Amino acid sequence: MLEASQSVWQAYAQVHKNAAKWRGKKFPHYWDLCLVFGKDRANGKDAQTATDVISEINNEQQEPDDYMQGTGDGLEDIDVDAL
């Protein structure tokens with residue numbers, strides 16, 4: 001159950017109109033979600049949403065790989081003098 005002082009709850013409900021119905025209600029699946037998500041939530045400056053990841057995957061699929069633009073063997077980046 002969400003718990004907050006009356007003043008905090010009222011301020012939150014003014015900004016989030018649909019939240020008022022949740023005051024005093026239990027959330028039966030809270031602990032299940034804690035097991036699923038646990039501590040593994042990104043929240044820093046490099047955090048990505050699922051939409052960001054899908055967009056990145058789609059962009060990678062549309063762009064041809066470097067090795068496909070060359071001879072196709074993927075060896076263009078190898079410095080043979082350094083070997």
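## A greasy patch on the surface

Let's start on the outside of this predicted model. Six residues, Phe27, Tyr30, Trp31, Leu33, Val36 and Phe37, together make a nonpolar surface patch of about 690 Å².

Take Val36 as one member of that patch. Valine 36 sits in helix 2, which covers residues 30–37. Its relative accessibility is 61%, so valine 36 counts as exposed, the cut-off for that label being over 50%.

## Two aromatic pairs

How many aromatic pairs does the structure hold? There are two. One of them joins tryptophan 9 and tyrosine 12, with 6.2 Å from centre to centre and 35° between the planes, and that makes it a tilted pair. Both residues belong to helix 1, where they are three residues apart, or about one turn of the helix. Is tryptophan 9 buried or exposed? Tryptophan 9 counts as buried because its relative accessibility is just 10%, and buried means under 20%. Its partner, tyrosine 12, is partly exposed, with a relative accessible area of 41%.

The rings of tyrosine 30 and tryptophan 31 also pair up: their centres are 4.9 Å apart and their planes meet at 80°, so this pair is edge-to-face, a label for planes over 60 degrees apart. You've met both residues already, since Tyr30 and Trp31 help make the nonpolar patch. Tyrosine 30 has 43% relative accessibility and counts as partly exposed, while tryptophan 31 reaches 65% and is exposed.

## The loop before helix 2

Now for the stretch between helix 1 and helix 2, a loop where you'll find proline 28. Proline 28 has a relative accessibility of 66%, so it counts as exposed.

Where does the start of the chain come in? Proline 28 and methionine 1 are 27 residues apart along the chain, and their C-alpha atoms are separated by 8.5 Å.

## The chain as a whole

Stepping back, the protein chain has four helices and zero strands. Read from the N terminus on, its elements go α-α-α-α.

Of the 83 residues in the chain, 4% are buried, and tryptophan 9 is among the buried ones. The chain exposes about 8100 Å², and carbon and sulfur atoms supply 54% of that area.

## How far to trust it

Confidence is worth a look before you lean on any detail here. The chain's average pLDDT is 75, and 69% of the residues score at least 70.

Which helix has the highest confidence, and which the lowest? Helix 1 (residues 6–15) comes out highest, with a mean of 89, and helix 4 (residues 66–69) comes out lowest, with a mean of 52. The tilted pair of tryptophan 9 and tyrosine 12 lies in helix 1, the element with that highest confidence.

How values were computed
Residues are numbered from 1 along each chain as its sequence is written. This is a predicted model: local features need pLDDT of at least 70, side-chain atom pairs count only at pLDDT 80 or more; totals for chains, interfaces and linings use all residues. Side-chain values use heavy atoms; hydrogens and water are left out. Patches are made of residues with over 30% relative accessible area and no salt bridge: like charges are joined within 9 Å, nonpolar side chains (Val, Leu, Ile, Met, Phe, Trp, Tyr) within 5 Å. Accessible areas come from the Shrake-Rupley method with a 1.4 Å probe; for residues, only the protein chains shown count as cover. A salt bridge is a side-chain nitrogen of Lys or Arg within 4 Å of a carboxyl oxygen of Asp or Glu. Helices (H or I, at least four residues) and strands (E, at least two) are DSSP runs, numbered from the N terminus. Buried means under 20% relative accessible area, exposed over 50%, partly exposed in between (1.4 Å probe, protein chains only). pLDDT is the predictor's confidence in each residue, from 0 to 100. Rings of Phe, Tyr and Trp (its six-membered ring) pair if their centres lie within 6.5 Å; planes under 30 degrees apart count as stacked, over 60 as edge-to-face and the rest as tilted.
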